[in-house]
Amino acid sequence: YGYDMRNLDPKLPESLRSFDEKKFNLDPTHPNAATFQLCMYKHRFVNHLNALRHILNTGEGVVTVGSPFSDFVWAEAMFQCGYISPQIRNYYYEVVRQSIHNLYRPHLIVYLDVPVNKTIENIKT
């Protein structure tokens with residue numbers, strides 16, 4: 001509705017303040033890093049649901065950035081770097097275990113390590 005909820009951060013306790021990619025990059029050991037990872041999984045899960053809805057309604061293919069099926073690499077990297085605890089890692093995998101079986105798996109996953117403008121140029125040729 002046009003209101004930036006981050007304006008409320010100074011009035012909230014640290015554990016309830018907003019935490020996004022920018023804040024994660026500034027302080028990856030912040031206690032909210034675990035919540036951030038779970039929110040990113042939820043975002044990828046919902047994005048995948050929307051992609052499936054589009055595919056099933058139109059028959060067209062979908063290109064997405066990220067997938068709930070590959071999200072675990074971020075959680076593992078965070079765990080290996082000590083940003084999340086073993087308990088949070090176990091909780092993350094429990095959330096994934098209870099949710100991901102409800103999704104159709106993608107037929108193809110392509111990882112691109114090319115700048116966007118170069119990718120678009122390659123598609124056009």
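This report looks at one helix pair and at several salt bridges in a predicted model.

**Two helices side by side**

Let's start with helix α2, which spans residues 33-58, and helix α3, which spans residues 72-80. Their axes lie 10 Å apart and make an angle of about 170°. Angles over 145 degrees count as roughly antiparallel, and α2 and α3 are therefore roughly antiparallel to each other. On the α2 side, the contact is made by Ala33, Gln37 and Arg44, while α3 brings Trp74, Ala75 and Met78. By type, these contact residues divide into four nonpolar, one polar and one charged.

**Salt bridges**

Side chains of opposite charge can pair when their charged atoms come close. Across the whole structure, a search finds eight salt bridges. Here are some of them:

| Salt bridge | N to O distance |
|---|---|
| Arg6 and Asp4 | 2.9 Å |
| Arg44 and Asp71 | 2.2 Å |
| Glu121 and Lys118 | 3.6 Å |

Arg44, already met in the contact with α3, deserves a second look. Its partner Asp71 sits in the loop between α2 and α3, whereas Arg44 lies in helix α2, so the pair ties together parts that are 27 residues apart in sequence. Both Arg44 and Asp71 are buried.

The pair Glu121 and Lys118 belongs to helix α5, residues 116-124, where being three residues apart separates the two by about one helical turn. Glu121 is partly exposed at 45% relative accessibility, and Lys118 is partly exposed at 37%.

Finally, Arg6 is partly exposed at 46%, as is Asp4 at 31%. Together with Asp20, Asp4 and Arg6 form a network of salt bridges.

Terms used: Residues numbered from 1 in each chain as written. Predicted model: local features only at pLDDT ≥ 70, side-chain atom pairs only at ≥ 80, totals over all residues. Heavy atoms only, no water. Axes fitted to C-alpha atoms, helices over the stretch in contact; angles between N-to-C directions. Helix = DSSP H or I, 4+ residues; strand = E, 2+ residues; numbered from the N terminus. Parallel < 35°, antiparallel > 145°, perpendicular 65-115°, else oblique. Contact = heavy atoms within 4.5 Å. Nonpolar A, V, L, I, M, F, W, Y, C, P; charged D, E, K, R; others polar. Salt bridge = Lys/Arg side-chain N within 4 Å of Asp/Glu carboxyl O. Buried < 20%, exposed > 50% of the residue type's maximum accessible area, 1.4 Å probe, protein only.
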